[in-house]
Amino acid sequence: QLQLVESGGGLVQPGGSLRLSCAASGRTFEDYTVGWFRQAPGKEREAVSCINSMGTITDYLDSVKGRFTISQDNAKIMVDLQMNSVKPEDTAIYYCAADWAPWCPEAKDASTDFTSWGQGTQVTVSS
């Protein structure tokens, strides 16, 4: 299993932007699929987006399509989630997760297929 560390969370005003980053301690994401998830208070965890080692992206959450973008650097050291035009309902703890797999899972399997999880980073959207 990988040790994952998220960074970049914080307080942002509605309409603003935030960039979250996920890194694996001591190694790269070569041959790994990485996903971003979020969990709001009192709600179930939901899958946001996923990217595989070849850069193929799977977006799971309709409510953030066109606003959130997942990306990976060329060295496969970092996987970012760029969050634009944020809304109060985007407030949640955001987690990154990774799995040694060639493809992103289907939405129904996303929460169970990833084997390594980060501790999460809080994102609060409020004026």
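In the predicted model, strand 4 (residues 33-39) pairs with strand 9 in the antiparallel sense, and the pairing extends over seven bridges. Within this pairing, Thr 33 stands opposite Asp 99 of strand 9. Strand 9 has further partners. With strand 11 (residues 121-125) the pairing is antiparallel over three bridges, and the bridge partner of Tyr 94 in strand 11 is Thr 121. With strand 10 (residues 116-117) the pairing is again antiparallel, over two bridges, and here Ala 98 stands opposite Ser 116. Strand 9 is mostly covered, with seven of its eight residues buried.

Strand 7 and strand 8 form a second antiparallel arrangement, paired over five bridges. Phe 68 has Met 83 of strand 8 as its bridge partner. The two strands make up a hairpin with five residues between them. In a regular strand the side chains alternate between the two faces of the sheet. Strand 7 shows an alternation of side chains: Phe 68, Ile 70 and Gln 72 point to one face and are buried, whereas Thr 69 and Ser 71 point to the other face and are not buried.

Two residues other than glycine were examined for their positive phi. Lys 76, in the turn of the hairpin formed by strand 7 and strand 8, has a phi of about 60° although it is not a glycine. With a relative accessible area of 17%, Lys 76 falls under the 20% limit and is therefore buried. Asp 31 has a phi near 75° and is placed in the loop between strand 3 and strand 4. Asp 31 has a relative accessibility of 44%, which lies between the limits of 20% and 50%, so Asp 31 counts as partly exposed.

Ser 85 is also a loop residue, located between strand 8 (78-83) and strand 9 (92-99). Its relative accessible area is 40%, and Ser 85 is therefore classed as partly exposed. Apart from neighbours within four places in sequence, the contacts of Ser 85 are Gly 15, Gly 16, Ser 17 and Arg 67. Ser 85 and Ser 71 are separated by 14 residues in sequence and by 17 Å in space, taken from C-alpha to C-alpha.

In soluble globular proteins, nonpolar side chains tend to be buried together. The largest nonpolar core of the model comprises 28 residues, and Phe 29, Trp 36, Leu 81 and Tyr 94 have the most contacts inside it. Two or more residues of this core come from each of strand 3 (18-24), strand 4, strand 5 (46-51), strand 7 (68-72), strand 8, strand 9 and strand 11. A second, separate core has nine residues, including Ala 47, Tyr 95, Cys 104 and Ala 110. Beyond its neighbours within four places in sequence, Tyr 94 is in contact with Glu 6, Leu 20, Trp 36, Phe 37, Arg 38, Phe 68, Leu 81, Met 83, Gly 120, Thr 121 and Val 123. Among these contacts, Trp 36 and Leu 81 are, like Tyr 94, listed with the most contacts inside the largest core. Thr 121 is also the bridge partner of Tyr 94.

Rolling a probe the size of a water molecule over the atoms shows where empty space is left. The structure holds one cavity of 30 Å³ or more, and the largest cavity contains about 40 Å³ of space. Its lining is formed by Val 48, Ser 49, Asp 59, Tyr 60, Leu 61, Val 64, Lys 65 and Phe 68. By class, five of these lining residues are nonpolar, one is polar and two are charged. Phe 68 thus appears in several of the features described: Phe 68 lines the largest cavity, is buried in strand 7, and is in contact with Tyr 94.

The largest pocket has a volume of about 190 Å³. Its lining consists of 14 residues, and Arg 38, Ala 40, Lys 43, Glu 46 and Glu 89 lie nearest the centre of the pocket. The lining of the largest pocket divides into eight charged, three polar and three nonpolar residues. Arg 38, one of the residues nearest the centre of the pocket, is also a contact of Tyr 94.

Methods: Residues are numbered from 1 along each chain as its sequence is written. This is a predicted model: local features need pLDDT of at least 70, side-chain atom pairs count only at pLDDT 80 or more; totals for chains, interfaces and linings use all residues. Side-chain values use heavy atoms; hydrogens and water are left out. On a 1 Å grid over the protein atoms alone, a cavity is a set of points where a 1.4 Å probe fits but cannot get out, and a pocket is an open set with protein on both sides within 12 Å along at least five of seven lines; lining residues have an atom within 4 Å of a point. Grid points are joined across faces, edges and corners, and a volume is the space filled by probe spheres set on the points. Ala, Val, Leu, Ile, Met, Phe, Trp, Tyr, Cys and Pro count as nonpolar, Asp, Glu, Lys and Arg as charged, and the others, Gly among them, as polar. Helices (H or I, at least four residues) and strands (E, at least two) are DSSP runs, numbered from the N terminus. Buried means under 20% relative accessible area, exposed over 50%, partly exposed in between (1.4 Å probe, protein chains only). Contact means heavy atoms within 4.5 Å. Two strands pair if DSSP finds at least two bridges between them. A nonpolar core is a set of buried Ala, Val, Leu, Ile, Met, Phe, Trp, Tyr and Cys residues joined through side-chain atoms within 4.5 Å.
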